[in-house]
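Reader: I would like a close look at one part of this structure: the charged side chains that pair with each other. Please take me through them one by one.

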Amino acid sequence: MTLEDVAKCRSVLLVLILLTWIPSSTEAQSSRPNLQGMWSDPPPTAVGSFCFFLCTDAGVDRLNTLLDDPANDARPFQQLQAEAKTHEQEYIRSRLTAAALKTYPLDPADDPGFLRCEPWGLARQMFAPHQLAIRRPGNDRIELRYGEWDARRTIYLDGRARPANQAPSVMGHSVGRWDGEALVVETSGIARNIAMWPAFRTSAEHSDQLRVVERYTRSPGGDLLLLTATLEDPWSLREPLVMKKIWRWAPDQQIAPYEDCERPTEFKRGVKP
């Protein structure tokens, strides 16, 4: 490995600790943390690269094991990362139901985001790369704005229930609360759509029974935003699936209107873009 790779390896354990760092309510201070501002791509570390879209503990553990093995010292980091991602994909695939496996991995020809430039639903958008802007316009809500698709979400902090006559939507109905220094968001009413499980090019379908619990925390140094998301969907998942993501503080960045999507004019079914 190069000196750069060694430095990245040493950063793995630190970022892994950050990924699992969730203060208990008894240890947390009574004041609410300030999550507001602009967050963007993860830090340039081994785990930051591994979790660029999303990651799991199983994948990060495998990456750590590979990096700690002296037999891999001469192997490029990219090769070790790819091997850990393959392990992670198999880990997640084994948790998909027979119904979800019928179309997994989803053909791009069946993806409206690829085919018709339709914005992503929550199960992909929440893990989207690039910017995430957080603002709190009032005491009763928090607003999230994503750089990918320029998508927006409202998280209600007043405990309001989803209206009984409200049809499922692509982003669902989100209610948030504080658990010590963590913002916990519960989302239901999510329309049937596509999930990015476990990577950008291996998407799966989910049903309108999907429920998501997100937990956002800021790292002790304040420069990282950490997400742990638990997804439950009896149609597509045999058991709850826990995904993680990292953003870094990026106050100088801005979100521009999303104008980069181009509809494909020629493509073949069964061929990845």
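Author: R177 is partly exposed, with a relative accessible area of 43% in this predicted model. Its partner in a salt bridge is E186, and the closest N and O atoms of the two lie 3.8 Å apart. E186 has 36% relative accessibility, so that residue also counts as partly exposed, between the limits of 20% and 50%.

A second salt bridge joins the side chains of D150 and R145, with 2.7 Å from N to O. Here D150 is buried, at a relative accessible area of 18%, whereas R145 is partly exposed at 24%. The two residues get separate labels because buried means under 20%.

A third salt bridge is formed by the side chains of D57 and K244, at 3.0 Å from N to O. This pair connects distant parts of the chain: D57 belongs to helix α3 and K244 to strand β11 (residues 241–249), and 187 residues separate them. K244 is buried, with a relative accessible area of 6%. D57 is partly exposed, at 32%.

The helix that holds D57 can be described further. Helix α3 covers residues 57–68, twelve residues, and spans 16 Å from its first C-alpha to its last, close to the expected 16 Å. Buried residues in α3 include A58, G59, V60 and L63. N64, L66 and L67 are buried there as well.

Some charged residues belong to a larger group than a pair. D140, R141, D158 and R160 are linked in a network of salt bridges. In total, the model has 15 salt bridges.

Methods. Residues numbered from 1 in each chain as written. Predicted model: local features only at pLDDT ≥ 70, side-chain atom pairs only at ≥ 80, totals over all residues. Heavy atoms only, no water. Helix = DSSP H or I, 4+ residues; strand = E, 2+ residues; numbered from the N terminus. Expected span 1.5 Å × (residues − 1). Buried < 20%, exposed > 50% of the residue type's maximum accessible area, 1.4 Å probe, protein only. Salt bridge = Lys/Arg side-chain N within 4 Å of Asp/Glu carboxyl O.
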